[in-house]
Amino acid sequence: MTRIAGLHTLPLRADLPRPWGPDVPYNHVIACTLVLDDGRTGTGFSWTPSVGAAAVTALLDHDIAAFVKGLPPHPEVVWDHLWRHLREAGGGGVTTIAMAAVDIALWDLRASGQGLGLADAIGRRRDTVPVYASGVNRHYPLGELVEQARRWVGYPAVKIKVGRDDDVERVAAVREVLGPGTLLMVDANQRWDLFRARVMIRELEPFGLTWVEEPLPADDVHGLRRLRESVSVPIAAGESLYTVHDFRALLEAVDVVQPNVVRVGGVTPLLRIAELARVHGVPTFPHLLPDLSAQLALALPLPCMVEDVEDASLAALGLLDGPPPVELGPGGARVGTHLGHGLRFPTLEGRS
């Protein structure tokens with residue numbers, strides 16, 4: 001039986017053309033090559049905007065690499081074994097972010113070994129998925145925010161950041177640019193308490209919001225449940241959670257879940273979360289990383305949209321070698337004819 005023979009990492013950093021704020025001028029990607037004893041390789045990656053890249057790399061290089069050597073290249077089997085092994089280092093965060101690199105590489109191997117792209121290896125349910133334009137723009141002056149919204153005219157949906165004293169003015173200005181036919185979402189990034197969230201959602205409700213994202217601290221499930229019961233705008237959350245157990249509790253408190261494929265530990269746990277969410281009738285909208293998330297969205301059980309933060313995809317950051325595996329735009333997301341997930345990092349070639 002084929003076994004895992006080795007794991008190699010390469011930390012990368014890409015400057016953001018549109019910084020996410022003074023404290024987030026770049027993103028970190030830890031590219032990973034998983035080598036099998038028959039010579040085949042799979043590509044994975046971990047990702048973090050600003051914090052923890054060195055810790056993730058160290059965990060991959062020193063603990064994970066030694067543990068996975070000799071295991072069969074089966075994504076679900078490896079994930080469960082690795083999860084049990086790493087638990088004493090923490091139940092989520094650095095551990096699951098590091099695990100994602102291995103899991104994504106194993107799915108790359110599985111799909112390419114079957115002669116399929118990732119979406120088809122999982123089980124494609126649709127040929128395209130809508131894309132919503134998104135920006136990390138809370139720090140933008142009003143004029144710059146409006147100009148960004150103008151660039152997004154033609155997308156079916158748009159999301160902007162809130163959590164300022166002038167939120168009503170800013171949301172009103174964006175709605176005026178987009179017109180009534182475009183879905184509009186807002187993201188508070190955990191900046192409100194329950195009282196403030198109720199007040200602000202009622203003030204913003206006239207602008208026809210599709211959802212309010214992360215209005216409260218991510219792990220305040222009780223607060224989210226109380227908020228959802230008291231407002232009419234749907235609530236979305238999940239990008240800051242790490243395990244299927246976190247999502248099991250969250251599903252009773254929100255209308256949309258948004259797992260980040262890296263933060264939850266890879267493709268394997270994201271698919272488990274999506275199946276659990278389906279039981280509750282809650283759609284799964286993958287968070288960020290559209291180069292991979294769009295491929296997953298084609299195979300998720302319930303319809304969803306893919307988030308494309310302006311100039312922040314792996315392709316837009318110049319981190320990929322060759323053509324990007326996903327085409328993104330106002331007309332939706334479509335995948336190419338590549339095998340596996342099609343994500344290749346140029347500096348990893350030949351390192352196995």
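How many aromatic pairs does the count come to? The count comes to 4 aromatic pairs. The structure is a predicted model.

## Aromatic pairs and clusters

One of the aromatic pairs joins Trp 79 and Trp 83, whose ring centres lie 5.5 Å apart. The planes of these two rings differ by 15 degrees, and the pair is stacked. Because planes under 30 degrees apart count as stacked, the angle of 15 degrees places the pair in that class. Trp 79 and Trp 83 both belong to helix α2, residues 75-86. They are 4 residues apart, which is about one turn of the helix. Trp 79 and Trp 83 are both buried.

Elsewhere, a single aromatic cluster is formed by Tyr 132, Trp 211 and Phe 285.

## Charges over rings

Two arginines are placed over aromatic rings. Arg 13 has its charged end over the ring of Tyr 26, at 4.1 Å from the ring centre. Arg 110 lies over the face of Trp 107, and here the distance to the ring centre is 4.7 Å.

## The open sheet

Seen in order, the strands β9-β8-β7-β6-β5-β4-β10 make up an open sheet of 7 strands with parallel pairing. The edges are held by β9 (256-257) and β10 (306-309). Each of these two has a single partner strand, so one side of each is left without a neighbour in the sheet.

Within the sheet, strand β4 (residues 131-134) runs parallel to strand β5 (residues 157-161), and 3 bridges join them. Ser 134 has Lys 159 in β5 as its bridge partner. Helix α6, residues 167-178, packs on the sheet and touches β5, β6 (183-187) and β7 (209-213). The direction of α6 makes about 155 degrees with that of β6.

## A hairpin

Strand β11 (residues 326-329) and strand β12 (residues 332-335) run antiparallel and are joined by 4 bridges. The two strands form a hairpin, with 2 residues between them. Val 326 stands opposite Val 335 in β12.

## Packing of α2 on α10

Helix α2, which holds the stacked Trp 79 and Trp 83, packs with helix α10 (residues 267-279). Their axes are 9 Å apart and the packing angle is about 95 degrees. That angle makes α2 roughly perpendicular to α10.

On the α2 side, the residues that meet α10 are Pro 75, Glu 76, Trp 79 and Asp 80. They meet Thr 268, Pro 269 and Arg 272 in α10. Trp 79 thus appears both in the stacked pair with Trp 83 and in the contact with α10.

Note on methods:
Residues numbered from 1 in each chain as written. Predicted model: local features only at pLDDT ≥ 70, side-chain atom pairs only at ≥ 80, totals over all residues. Heavy atoms only, no water. Phe/Tyr/Trp six-rings, centres within 6.5 Å; stacked < 30°, edge-to-face > 60°. Buried < 20%, exposed > 50% of the residue type's maximum accessible area, 1.4 Å probe, protein only. Lys NZ or Arg CZ within 6 Å of the ring centre and 35° of its normal. Pairing = 2+ DSSP bridges. Contact = heavy atoms within 4.5 Å. Axes fitted to C-alpha atoms, helices over the stretch in contact; angles between N-to-C directions. Parallel < 35°, antiparallel > 145°, perpendicular 65-115°, else oblique.
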